Amino acid sequence: MSGRFITFEGIDGAGKSSHIEALALWLRARGQRVVVTREPGGTELAEALRELVLHRSMDAMTEALLVFAARRDHLRTRIEPALAEGSHVLCDRFTDATFAYQGGGRGFDAEVLQTLEGWVQQGRQPDLTLWFDLPASLAAQRRQAVRRPDRFEAEDEAFFARVRAGYAARAAADPGRFSVLDAAQPLDAVWQQVQATVEARPWW
Ligand SMILES: Nc1ncnc2c1ncn2[C@@H]1O[C@H](COP(=O)(O)OP(=O)(O)O)[C@@H](O)[C@H]1O
Ligand SMILES: [Mg+2]
């Protein structure tokens with residue numbers, strides 16, 4: 001049986017990385033095979049593109065083209081083969097992030113993004129998207145405590161408010177795929193939401 005494709009979304013500092021490994025451990029403890037990966041990245045080529053996107057200066061269209069190029073390689077050579085052999089794929093960010101960051105954050109044309117999405121994904125969509133939603137100000141506080149910002153993390157609160165609105169629009173357009181989590185809650189309460197959401201799917 002084919003594996004399930006679960007994506008983790010939300011602004012920087014929302015808690016995606018904190019929960020992806022926990023979910024992998026939880027699924028493996030139930031005897032499931034799991035691949036944990038991320039975007040942009042997940043293959044040698046896509047990780048090289050990630051370095052460029054996160055650290056070189058470029059316009060929004062170039063960013064969008066590079067992340068979709070990375071996604072194409074990632075889907076073809078890693079995600080699709082893993083799903084086909086029955087592994088679940090947990091991916092830290094996917095196409096919703098492109099709509100949120102390049103579309104919402106940078107104001108790039110969402111129709112062009114939809115065209116690229118169609119070309120690159122050929123109809124493939126995540127089975128479930130966990131959106132870790134929280135106010136931009138709280139995410140900024142969490143990030144400041146721990147890390148050195150990349151090109152996106154260095155953006156101001158207004159940028160992250162637009163990114164959050166971009167996610168909200170994607171969630172509203174596909175409510176069956178999205179699960180909106182209240183990521184402002186303490187870590188353990190957010191984990192309870194993750195676990196309950198995944199467990200409630202009719203797949204197990
Ligand atoms: N619910 C939470 N409450 C408090 N701190 C959190 C919570 N979730 C994550 N953090 C902390 O916030 C920081 C960013 O979390 P992280 O999982 O790296 O976010 P993301 O991967 O979404 O950018 C980390 O230091 C993490 O420990
Ligand atoms: Mg992270």
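**Exercise 1. Work out how much of the protein chain is buried and what its surface is made of.**

*Solution.* Start with the inside: of the 204 residues in the protein chain, 52% are buried. Keep in mind that we are working with a predicted model. Now turn to the outside, where the protein chain exposes about 9400 Å². Carbon and sulfur atoms supply 52% of that exposed area.

**Exercise 2. Decide whether the radius of gyration of the protein chain agrees with that of a compact globule.**

*Solution.* First take the expectation: a compact globule of 204 residues would have a radius of gyration near 17 Å. Next take the value for the protein chain, 16 Å, which agrees. For the dimensions, the C-alpha trace spans about 45 × 35 × 30 Å along its principal axes. Finally, look at the contacts with a separation of 6 or more: 81% of them join residues 24 or more positions apart.

**Exercise 3. Trace the order of helices and strands in the protein chain.**

*Solution.* Count the elements to begin with: there are eight helices and five strands. Then read from the N terminus, which gives β-α-β-α-α-β-α-α-β-α-α-β-α.

**Exercise 4. Place His74 in the fold: is His74 buried or exposed, and which residues does it touch?**

*Solution.* Locate the residue first: His74 sits in helix 3, which covers residues 60-84. Its relative accessibility is 0%, so His74 counts as buried, the cut-off being under 20%. Last, list its neighbours, leaving aside residues up to four places away in sequence: His74 touches Thr37, Arg38, Glu39, Gly41, Gly42, Thr43, Ile79 and Cys91.

Notes. Residues numbered from 1 in each chain as written. Chains lettered and ligands numbered in written order. Predicted model: local features only at pLDDT ≥ 70, side-chain atom pairs only at ≥ 80, totals over all residues. Heavy atoms only, no water. Helix = DSSP H or I, 4+ residues; strand = E, 2+ residues; numbered from the N terminus. Rg over C-alpha atoms; globule rule 2.2 N^0.38 Å. Buried < 20%, exposed > 50% of the residue type's maximum accessible area, 1.4 Å probe, protein only. Contact = heavy atoms within 4.5 Å. Areas by Shrake-Rupley, 256 points an atom, 1.4 Å probe, with all protein chains shown as cover.
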